[in-house]
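Visitor: I am new to this structure and should be grateful for a guided introduction. Please show it first, and then let us proceed by questions.

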Amino acid sequence: MFEKIMASLQEIPAYSILISAVVVVFIALSILTMFGKAREEKEVEQLRWNKVSAHMALYDTARRVVIPLEADEILVGRHGAADIRFSDMSVSRYHAVLYVSNGIWSVMDLDSKSGTFVNGRKIRSQVKLKDMDEIRFGNKTVIIRQRRGKQQHV
């Protein structure tokens with residue numbers, strides 16, 4: 001088998017083999033460049049998101065879990081379409097929206113039955129959140145704070 005391959009290669013002119021090798025090297029370098037650029041773009045996008053999101057997360061102290069805030073707008077509720085779902089019946093299907101703008105997180109109640117509270121006060125409109133604010137959706141309480149290290153995620 002090896003002898004047949006060598007014989008067929010000897011019939012091909014040397015410049016054809018050289019051109020093929022150059023093409024293969026060019027394709028390999030192109031692929032490596034694309035992977036490098038994609039990795040660079042991912043790192044830049046992560047830095048941008050870290051600046052926009054201010055590294056915030058919700059801490060569910062009852063269950064001892066961290067709920068990362070990883071989108072510009074997050075729907076909180078009991079419905080399956082909610083980004084953050086709480087099965088507690090005091091939480092409406094579409095209870096509230098968390099969103100970030102210029103590194104500042106805000107919460108807005110979506111006319112839920114049991115209401116949304118920030119630091120014990122019922123909110124009636126959009127409220128800007130600060131590190132360590134307590135947010136209550138119905139009977140479900142979470143704390144928004146800056147993420148520190150690796151913790152258990154939901």
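Visitor: Which residues form a nonpolar patch on the surface?

Guide: This is a predicted model, in which local features need pLDDT of at least 70, side-chain atom pairs count only at pLDDT 80 or more, and totals for chains, interfaces and linings use all residues. Residues are numbered from 1 along each chain as its sequence is written, and side-chain values use heavy atoms, with hydrogens and water left out. A patch joins residues with over 30% relative accessible area and no salt bridge, like charges within 9 Å and nonpolar side chains (Val, Leu, Ile, Met, Phe, Trp, Tyr) within 5 Å; a salt bridge is a side-chain nitrogen of Lys or Arg within 4 Å of a carboxyl oxygen of Asp or Glu. With about 740 Å² of accessible area together (Shrake-Rupley method, 1.4 Å probe, only the protein chains shown counting as cover for residues), the nonpolar patch consists of Ile19, Val23, Phe26, Ile27, Ile31, Met34 and Phe35.

Visitor: Is Ile27 buried, partly exposed or exposed?

Guide: Ile27 lies in helix α2 (residues 14-53); helices (H or I, at least four residues) and strands (E, at least two) are DSSP runs, numbered from the N terminus. Buried means under 20% relative accessible area and exposed over 50%, with partly exposed in between (1.4 Å probe, protein chains only). Its relative accessibility is 45%, so Ile27 counts as partly exposed.

Visitor: Why is strand β3 (residues 73-77) largely enclosed by the rest of the structure?

Guide: The reason lies in the accessibility of its residues. Strand β3 is largely enclosed because, of its 5 residues, the number buried is 4.

Visitor: Which residue in β5 is the bridge partner of Leu75?

Guide: Two strands pair if DSSP finds at least two bridges between them. β3 is joined by 4 bridges to strand β5 (residues 96-101), and the two run antiparallel. With strand β4 (residues 84-85), β3 pairs in the parallel sense over 2 bridges, where Gly77 stands opposite Arg85. In β5, the partner of Leu75 is Val97.

Visitor: Which residue takes a positive phi in the hairpin of β5 and β6?

Guide: β5 pairs with strand β6 (residues 104-109) in the antiparallel sense over 6 bridges, and Tyr99 stands opposite Ser106. Most residues other than glycine have a negative phi. The hairpin has 2 residues between the strands, and the positive phi, near 55°, belongs to Asn102.

Visitor: What is the relative accessible area of Asp111?

Guide: Asp111 is found in the loop between β6 and β7 (116-118). Although not a glycine, Asp111 has a positive phi of about 55°. Asp111 is exposed because its relative accessible area is 76%.

Visitor: With which side chain does the side chain of Lys140 make a polar contact?

Guide: Lys140 belongs to strand β11 (residues 140-146) and counts as buried because its relative accessibility is 13%. A polar contact is a pair of N or O atoms within 3.5 Å; within protein, one must be able to donate a hydrogen and the other to accept it, and residues adjacent in sequence count only if both atoms are side-chain atoms. At 2.9 Å, the partner side chain is that of Asp60.

Visitor: Which backbone nitrogen does the side chain of Ser90 reach?

Guide: Ser90 sits in the loop between β4 and β5 and, at 15% relative accessibility, counts as buried. Its side chain makes a polar contact with the side chain of Asp88 (2.6 Å). At 2.7 Å, the side chain of Ser90 reaches the backbone nitrogen of Asn139.
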